[in-house]
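This report describes a single protein chain, beginning with an annotated residue and moving on to ring pairs, cores and overall form. The sequence and the structure are shown first.

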Amino acid sequence: MKPIIGKPAPLFSADSTIGPISLEQCRGRAVVLYFYPKDNTPGCTTESQDFRDLHEEFLAASCVVLGISRDTLKSHENFRCKFELPFPLIADPDETVCNLFGVIKQKNMYGKQVRGIERSTFLIDAYGVLVQEWRGVKVPGHAKEVLQAAKSIG
């Protein structure tokens, strides 16, 4: 099941690097929820740094940025500190939130089929409605594109 643009985004609560976090507690501000495959891998590091570098502009657009992967909180803490990420990272080791947003896919890794997160980003407005989604994201320029979309709903 995938969320539908123009409909309320799936509600969730999960553990993050700042404690339990839920979509409902972000009401009143837009939310960028970006799913990435794994901490400390080249593409995921670059994507997270791009969101970090634009974080002040996201805040100015009244937008919360949340990163999410299947990594543990301990892994997220290390990743967040290492790259000075100013936003929370959500741990979803049991894939609960991933499944709500339909981001788990069969992927080809070195010739083997593996289940993993398809790099995806969701923009949710201040009322909790899904406004835009990006699936199969290519990292270069992505955070800037999401920022422009966030500014347009502000």
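## The annotated cysteine

In this predicted model, Cys44 is found in helix α1, a helix that spans residues 42–53. The UniProt record, an unreviewed entry, carries the annotation "active site" for Cys44. Cys44 is buried, because its relative accessible area is 1% and residues under 20% are counted as buried.

Once residues up to four places away in sequence are set aside, Cys44 touches Tyr36, Pro37, Lys38, Phe79 and Arg119. Two of these partners, Tyr36 and Phe79, also appear in an aromatic cluster, which is taken up in the next section.

## Aromatic pairs

A pair of aromatic rings is described by the distance of the centres and the angle of the planes. With a limit of 6.5 Å between ring centres, the count comes to 10 aromatic pairs. The rings of Phe35 and Phe101 have centres 5.5 Å apart and planes at 45 degrees, so this pair is classed as tilted. The pair links distant parts of the chain, since Phe35 belongs to strand β3 (residues 30–35) and Phe101 to helix α4 (residues 96–101), with their positions 66 residues apart in sequence. Phe35 is buried at a relative accessible area of 0%, and Phe101 likewise counts as buried at 0%.

Phe101 also pairs with Phe122: the ring centres lie 4.8 Å apart and the planes meet at 55 degrees, so this pair too is tilted. Because Phe101 lies in helix α4 and Phe122 in strand β8 (residues 120–124), the pair ties together parts that are 21 residues apart in sequence. Phe122 is buried, with a relative accessible area of 0%. Elsewhere, Tyr34, Tyr36, Phe51, Phe58, Phe79, Phe83 and Phe87 form one aromatic cluster.

## Two nonpolar cores

In soluble globular proteins, nonpolar side chains tend to be buried together. The largest nonpolar core of this model holds 23 residues, and within this core Val32, Phe51 and Phe58 touch the most other members. The elements β3, α1 (42–53), β4 (63–69) and α5 (142–153) each supply at least two residues of the core, and the largest share, five residues, comes from α5. Phe58, leaving aside its neighbours within four places in sequence, is in contact with Val32, Phe51, Cys63, Val65, Ala143, Val146, Leu147 and Ala150.

Apart from this core lies another, of 22 residues, and among them are Val31, Val97, Phe101 and Ile104. Phe101 is therefore a member of this other core as well as a partner in the ring pairs with Phe35 and Phe122.

## Overall form of the chain

The chain has five helices and nine strands, and these elements follow the pattern β-β-β-α-α-β-α-β-α-β-β-β-β-α when read along the sequence. Along its principal axes the C-alpha trace spans about 45 × 35 × 30 Å. A compact globule of 154 residues would have a radius of gyration near 15 Å, and the 14 Å computed for the chain agrees with that value.

Buried residues make up 48% of the 154 residues. Among contacts with a sequence separation of 6 or more, 64% are between residues 24 or more positions apart. The accessible surface of the chain comes to about 7,700 Å², and carbon and sulfur atoms account for 54% of that area.

## Positive phi outside glycine

Which backbone angle is positive in Ser62, although this residue is not a glycine? The angle is phi, at about 55 degrees. Ser62 lies in the loop between α2 (55–60) and β4, and at 34% relative accessibility Ser62 counts as partly exposed.

Glu95 is another residue other than glycine with a positive phi, here near 65 degrees. Glu95 is placed in the loop between β5 (89–91) and α4. Is Glu95 buried or exposed? At 10% relative accessibility, Glu95 counts as buried.

Note on methods. Residues numbered from 1 in each chain as written. Predicted model: local features only at pLDDT ≥ 70, side-chain atom pairs only at ≥ 80, totals over all residues. Heavy atoms only, no water. Phe/Tyr/Trp six-rings, centres within 6.5 Å; stacked < 30°, edge-to-face > 60°. Helix = DSSP H or I, 4+ residues; strand = E, 2+ residues; numbered from the N terminus. Buried < 20%, exposed > 50% of the residue type's maximum accessible area, 1.4 Å probe, protein only. Core = buried A, V, L, I, M, F, W, Y, C linked by side-chain atoms within 4.5 Å. Contact = heavy atoms within 4.5 Å. UniProt positions renumbered as here; feature names shortened; annotations may be inferred. Rg over C-alpha atoms; globule rule 2.2 N^0.38 Å. Areas by Shrake-Rupley, 256 points an atom, 1.4 Å probe, with all protein chains shown as cover.
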